Amino acid sequence: MKIGRNDPCLCVSGKKYKDCCLNKPNYEALYFEQIELLKNPTIENCQKVIALGNTILEATVKYVFSTGACVNIARANLFLLYDTNKKEFIDAAKAACDKALVLKQENQQALLVRYEINIFETDFTSASRVLESIHPSILKQAEMQILMFYQQAVQKANIYVHSQKNKDGLNILTDTLFEIYKNYPPLCGSATSYYMGIGDDIVRAYEVAKRCVEEWPNAEIYCNLGLICINPQINRVKEAITYLKKGLDICSDGDVEYGLKSNLLTAFIKDKNWPEAIKLGEELVRDKPSNLNYHNYAELLKSTGQYDEAIEWCKKALFLVEDDCTLLTLADIYKRNAKYQDAIDTYLLCLSSQENNNNCLTFIDENGDDMYSVASNSSIYSIKLEAFKGLVHASVQLKSYDKAKAYMVLGKELLGEQDEWEIWESVIPTLDNFSQAYNEAKALIEEATNRAKTQTNYFKQWAASLMQLQGNSQYINLNELDNWAEFEAQMGLILEEMKKVIINHSTLYSSIEAQIISQYPNLDSDSKEFLITANILYDIHKNSFIDFAPIIVEYSKVVEKRLRVLLAGRIPSNIKMLGEIIVEIDKHSIVPYNAYLGDLRSINQLRRNSAHTGRLAKTDADNMRNILFTNGLLNRL
């Protein structure tokens, strides 16, 4: 309907249209322009939405769509928040949302935005109250949006913000959602993750997951349901195998398939189905190298009594990610193998790993995505309990009864009374005084924790590449110079990956650089850079479970480069590899370097050992450093 100049104005001011809104902006058109822009919420479009909304709100008259303009401003600010993570945008979104609710108290879209804001701020109790204010018809229309934000809330609480407050708030929100949507399968799917994680109710997780797959069979929930059935509280291993196989039958997602197979391997191990477990375990470690698969394969080898092989696979898992589950498995293997001091050292690392991960098992996978264990509070508690029991047991076996008593008391202080403590009380001889052992044991735990704080718990992509390179090297003859040169070129790429972490240690870099320049002024620039890199990487990783092969290669490059400079003109120019240089020095008795042949051969042998996974440990790196620094080879060169 076209309005005439002399007709009453639509804004209901009582004036004629020509005397009122004729020459003012078409506010309704601005509102619809906001809506169109939000369909493609780029930063530029969101800024336009906010500007248009402010123009509408500046009008002297409040239109029926003014509250909608506020909601659009709030949504635009949320998009900007997700893009930039700047707090100013969450504050602006809240202010716009509040204004919308002032203009229209029951604005349903504003309430939905308020729910989203509450989820972002992990204010789950307020989010629940907001849902109770939304009309049932809107709740039905927006169910997927509401459940999507609930799923994000569960993931956030499980991974990043593991606290009692969040658990209580999510419990209220979960109950509210079940009141609204009953046993709606997508809700059951998300709630399964909540009860498996921070919700800490594995029985409830089992109930909702079963309900979900009965009405909505999907591979991801089958994967979780299989894992739930393996849990000792449920202990339905045969059922787990059935669910996991059903999940594999319908799975079309590679990542979910990997999870299903990993859980199926665990189920086969618990079922003592060794032929199927070995077949699947070998497939997983071959086709999908990961901390989880290496750890599960180590568990399989441990269960079949292959302790030495199990230790090697645990170490491979720890090369990638140092997690407390694998540390606990490794410590248990050491204990079974009567390597009690190694067991004690590893149990301490297990405890320190948990302290530094804030009671949430989290790391980054090879794709850079966040991964996390669905271990609940009780699971984490049980890992700590097993670690303390292991410390007591290993100390008793070493007849260090005062240390055993000290670890038992420390365990009681942290975890409370346990039936196991009474058993150990009857085994440990009565001691008049164990205060010194108590203080020492407490200090050892604190020392391990402080050391672990210097290590970043992330997936070491370079470690995965190194193991792949070392695995391939067994099929080539490294005595051939061309093959060795190719191997070292690949090792160089791995070193470049390792070096990326150095940017996070600028202070350490400056300190070591100044030290190298001061102590070894005669080194050429390349040798200095190799030495600085090797020292930094050693310092960063010295308390880690890693293969020190790349670091040892970097140290050996210092010697190789230095000898090439010093022997220029005395050996053929095409002689470049350290092994070749050593042959020339020996063959022609080149003075004074022939006096260093013992050290040079030791360095070259360590370098060649880099072709074998797990061959080079920190002790090997220390031997290399002793030759270079303590024995003074670098000064002599």
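Reader: Which helices do the buried residues of helix 12 pack against?

Author: Keep in mind that this is a predicted model. In it, helix 12 has buried residues that include Ala-219, Ile-221 and Tyr-222. The helices these buried residues pack against are helix 10 (185–196), helix 11 (202–215), helix 13 (237–250) and helix 14 (254–270).

Reader: How many of the 12 residues of helix 12 are buried?

Author: Among the buried residues are Cys-223, Asn-224, Leu-225 and Gly-226. The helix is largely enclosed by the rest of the structure, because the number buried out of its 12 residues is 10.

Reader: How far apart are the end C-alpha atoms of helix 12, and what span should its residues give?

Author: Helix 12 covers residues 219–230, which is 12 residues. At 1.5 Å a residue they should span 16 Å, and this agrees with the distance between the end C-alpha atoms, which is 17 Å.

Reader: Which residue has a side-chain oxygen that reaches a backbone nitrogen at the start of helix 12?

Author: The backbone nitrogen here belongs to Glu-220. A side-chain oxygen comes to within 3.3 Å of that nitrogen, and the residue supplying the oxygen is Asn-218.

Reader: Is Tyr-243 buried or exposed?

Author: Tyr-243 sits in helix 13. Leaving out residues up to four places away in sequence, it touches Lys-210, Tyr-222, Leu-225, Gly-226 and Cys-229. Its relative accessible area is 11%, and the cut-off for buried is under 20%, so Tyr-243 is buried.

Reader: What distance separates the C-alpha atoms of Tyr-243 and Lys-210?

Author: Along the chain, these two residues are 33 residues apart. They nevertheless touch. Their C-alpha atoms are separated by 9.7 Å.

Reader: How many residues of helix 16 are buried?

Author: Helix 16 runs over residues 291–303, and the 18 Å between its end C-alpha atoms agrees with the 18 Å it should span. Its buried residues include Asn-291, Tyr-294, His-295 and Leu-300. The helix is mostly covered, and of its 13 residues the number buried is 11.

Reader: Which residue just after helix 16 takes a positive phi?

Author: Look at the stretch just after the helix, where phi is about 80 degrees. The residue with this positive value is Gly-305.

Reader: Which residues does Cys-314 contact, leaving aside its neighbours within four places in sequence?

Author: Cys-314 lies in helix 17 (residues 307–320). It counts as buried because its relative accessibility is 0%. One of its partners, Ile-333, is 19 residues away in sequence and 9.6 Å away from C-alpha to C-alpha. The full set of contacts is Ala-298, Thr-326, Thr-329, Leu-330 and Ile-333.

Reader: Which helix gives the most residues to the largest nonpolar core?

Author: The largest nonpolar core has 151 residues, and those with the most contacts inside it include Tyr-115, Ile-146 and Val-392. The top contributor gives 9 residues, and it is helix 3 (residues 66–84).

Reader: Which residues does Tyr-115 touch, not counting those up to four places away in sequence?

Author: Tyr-115 is one of the residues with the most contacts inside the largest core. Its partners are Ala-127, Val-130, Leu-131, Ile-146, Phe-149, Tyr-150 and Leu-173.

Reader: How many residues are in the second, separate core?

Author: This second core includes Ile-581, Tyr-593, Met-624 and Leu-637. Its number of residues is 42.

Reader: Is Asn-604 buried or exposed?

Author: Asn-604 is placed in helix 30 (residues 597–608). Beyond residues up to four places away in sequence, Asn-604 touches Leu-578, Gly-579 and Ile-582. Its relative accessibility is 15%, so Asn-604 counts as buried.

Reader: Which peptide bond is cis, with omega near 0 degrees?

Author: Find the loop between helix 29 (578–588) and helix 30, where Pro-592 lies. The cis bond leads into this proline, running from Val-591 to Pro-592.

Reader: What is the phi of Lys-182, a residue other than glycine?

Author: Lys-182 lies in the loop between helix 9 (164–181) and helix 10. It counts as exposed because its relative accessibility is 56%. Its phi is positive, near 55 degrees.

Reader: What share of the 637 residues counts as buried?

Author: The protein has 32 helices and 2 strands. It exposes about 30,400 Å². Of its 637 residues, the buried share is 51%.

How values were computed
Residues are numbered from 1 along each chain as its sequence is written. This is a predicted model: local features need pLDDT of at least 70, side-chain atom pairs count only at pLDDT 80 or more; totals for chains, interfaces and linings use all residues. Side-chain values use heavy atoms; hydrogens and water are left out. Helices (H or I, at least four residues) and strands (E, at least two) are DSSP runs, numbered from the N terminus. Buried means under 20% relative accessible area, exposed over 50%, partly exposed in between (1.4 Å probe, protein chains only). Contact means heavy atoms within 4.5 Å. A nonpolar core is a set of buried Ala, Val, Leu, Ile, Met, Phe, Trp, Tyr and Cys residues joined through side-chain atoms within 4.5 Å. Accessible areas come from the Shrake-Rupley method with a 1.4 Å probe; for residues, only the protein chains shown count as cover. The expected span of a helix is 1.5 Å times one less than its number of residues. A polar contact is a pair of N or O atoms within 3.5 Å; within protein, one must be able to donate a hydrogen and the other to accept it, and residues adjacent in sequence count only if both atoms are side-chain atoms.
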